[in-house]
Protein chains: 2
Amino acid sequence: MRLLLVEDDPTLGPQLQTALQRAGYAVDLTTDGVEAEIQGDLEPYDLVVLDLGLPKRPGLEVLQNWRNRDSRTPVIILTARGSWQEKVAGFNAGADDYISKPFQIEELFARISAVLKRSAGFASGELQHEHFSLDEHSQTVILESGERHDLTGTEFRLLRYFMLHPGHVLSKTALTAHVYEYDEDKDSNVIEVYVNRLRQKIGNDLIQTKRGQGYVFGARQS
Amino acid sequence: MRLLLVEDDPTLGPQLQTALQRAGYAVDLTTDGVEAEIQGDLEPYDLVVLDLGLPKRPGLEVLQNWRNRDSRTPVIILTARGSWQEKVAGFNAGADDYISKPFQIEELFARISAVLKRSAGFASGELQHEHFSLDEHSQTVILESGERHDLTGTEFRLLRYFMLHPGHVLSKTALTAHVYEYDEDKDSNVIEVYVNRLRQKIGNDLIQTKRGQGYVFGARQS
DNA sequence: CTGCAATATTCAGCTTGAATTAAGTTTTTG
DNA sequence: CAAAAACTTAATTCAAGCTGAATATTGCAG
């Protein structure tokens, strides 16, 4: 298991690094945002522990950039105590978990292994969601109930795109552009039709429509 | 959020306009330099996207004239690929950022929101407030209690504008102009209605009424 | 090559909900 | 207190979205 630790505090950083190494992880330590982003793109880490307060580039931005490049490496963020906005922002940017500083090293261990377990499915070509999973090899969704549904090519591409961008408003134009290679289609309701079919297969609540703006996957209700 | 798009290409112009509109901006499109300059002086835009190769009057000159008249509206310039002289000249004339053509629409979005945030002095990804935060991706407000509220397009544009101008008295006319593309409202109480709806979602105290003048967001007392 | 099945796309009638207007109520202030 | 401004609620409306079915296309087996 290979971890990237991004922490600029000159005491805490190396301290965490050795603690994690003793726990059996291979740990690279990085101390600024720009370097972290490059490093994360370069090497295939199994997990990243990311401090948000970083020199050169804010941790949140680093995370967002990774996610925009479709990186799915699990990320645990370290936030200052009580800053709930940071946590919300972190989750929205695609973090998998967070820990408030200061924390017990045991808590970090616990969360790391929890996140790694949860994300174990990812490595095997599966996209996980709270209520179902998508097998990328067989292009099949498996619901909580055990029910399976095969997806057609277009259904699959659309759903995968949704799952890679949860919580974002995705306009029909954007979706068309990503589902089809090159297409500047005018008035077609293909996306509506396929959203309809996906809802029939995975349930109605998971793709929310934002009238006039697009669709949001996996966001909670209001 | 109201943008002025200056682009003479008859394909690219309208294409960008609709893309930006779908992203939630009110966009006016202008196709020549003279008209652009007048329009920019006339209306209170939040940002200008300016192509440099324009008929009637070069984009650079338009920009310089605006700046000479003390307009501080952020400007993103579109330049032909690799023409670094243009970029330098653009920055010297007072541009805030540039994009080389051809570009991905996502890059434009990214730069627009970066420039808007920079110009309003805000951090990235989310608009924060002491008592709630606004997630621009899902167009959702998250209250301190964890409660979430989806916003409609108009509610979102209005609230974002408030959040980018905290502590300022914003007249109904000004708000109408920024939330809608074409203003010139007779007497309509749209703003009152939407302020009412926002107050229901984020709480009553956050938007204060300044009778006869407008509204103030996030100010303490009066 | 032909015909069939699977998938993709278009279409049309129907439903929904955001935006707008309007009307009635409350608050402010001169 | 009266008039103006702002608030609130409710009704209307029409574009956006939904959806089942028809039609077109594609890939493949015979």
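## The E10-E12-E11 sheet of chain A

Ile207(A) sits across from Phe217(A), a residue of E12(A). That pair belongs to an antiparallel match between E11(A) and strand E12 (residues 214–217) of chain A, which runs over 4 bridges; two strands pair here if DSSP finds at least two bridges between them. Helices (H or I, at least four residues) and strands (E, at least two) are DSSP runs, numbered from the N terminus. This is a predicted model, in which local features need pLDDT of at least 70 and side-chain atom pairs count only at pLDDT 80 or more, while totals for chains, interfaces and linings use all residues. Residues are numbered from 1 along each chain as its sequence is written, with chains lettered from A and ligands numbered from 1 in the order in which they are written.

The sheet itself is open, with 3 strands of chain A in the order E10-E12-E11 and antiparallel pairing. Strand E10 (169–170) and strand E11 (207–210) of chain A have a single partner strand each, so they stand at the edges and one side of each is left without a neighbour in the sheet. As background, strands of a sheet pair through backbone hydrogen bonds, either parallel or antiparallel.

## Chain A as a whole

Chain A holds 9 helices and 12 strands. Of its 222 residues, 32% count as buried. The burial classes rest on C-beta atoms placed from the backbone: a residue is buried if 20 or more others lie within 10 Å of its own, exposed if 12 or fewer, and partly exposed in between. Among contacts in chain A between residues at least 6 apart in sequence, 50% join residues at least 24 apart; a contact requires C-beta atoms, placed from the backbone, within 7 Å.

## Two nonpolar cores

The largest nonpolar core has 31 residues, and Leu3(B), Val48(B) and Leu63(B) are among those with the most contacts inside it. Such a core is a set of buried Ala, Val, Leu, Ile, Met, Phe, Trp, Tyr and Cys residues joined through C-beta atoms within 7 Å. Elements of chain B that each supply at least two residues of this core include strand E1 (2–6), strand E3 (47–51), H3 and helix H5 (105–120). Beyond neighbours within four places in sequence, Val48(B) is in contact with Leu4(B), Val6(B), Gly40(B), Thr73(B) and Val75(B).

A second, separate core has 26 residues, including Leu3(A), Leu4(A), Tyr45(A) and Ile76(A).

## Helices H2 and H3 of chain B

Helix H2 (residues 33–42) of chain B buries Gly33(B), Ala36(B), Glu37(B) and Gly40(B). Seen down the axis of H2(B), these buried residues fall within an arc of 100°, so they line one face of the helix; the arc is that of the directions from the helix axis to the C-beta atoms. They pack against E1, E2, E3 and H3 of chain B, whereas Ile38(B) and Leu42(B), on the other side of H2(B), are exposed.

In helix H3 (residues 59–68) of chain B, the buried residues are Gly59(B), Leu60(B), Val62(B), Leu63(B) and Trp66(B). Viewed along the axis of H3(B), they fall within an arc of 160°, so they too line one face of the helix. Just after H3(B), Asp70(B) has a positive phi of about 70°.

## Hairpins and a loop in chain B

Strand E7 (residues 132–135) and strand E8 (residues 140–143) of chain B pair in the antiparallel sense over 4 bridges, with Asp135(B) matched to Thr140(B) in E8(B). The two strands form a hairpin with 4 residues between them, and Gln139(B) in the turn takes a positive phi of about 55°. E8(B) also pairs with strand E9 (residues 148–150) of chain B, antiparallel over 3 bridges. Here Val141(B) has His149(B) as its bridge partner, and Gly146(B) in the turn of this hairpin has a positive phi of about 95°.

Further on, Ser171(B) lies in the loop between strand E10 (169–170) and helix H7 (172–179) of chain B. Ser171(B) counts as partly exposed because it has 14 C-beta neighbours inside 10 Å.

## Around the DNA strands

A residue is near a strand if its C-beta atom, placed from the backbone, lies within 6 Å of it. Of the 19 residues around DNA strand C, Thr152(A), Gly153(A), Ser188(A), Thr152(B) and Thr154(B) come nearest. DNA strand D is surrounded by 18 residues, and the closest are Glu192(A), Asn196(A), Thr209(A), Asn196(B) and Thr209(B).

Methods:
Contact = placed C-beta atoms within 7 Å.
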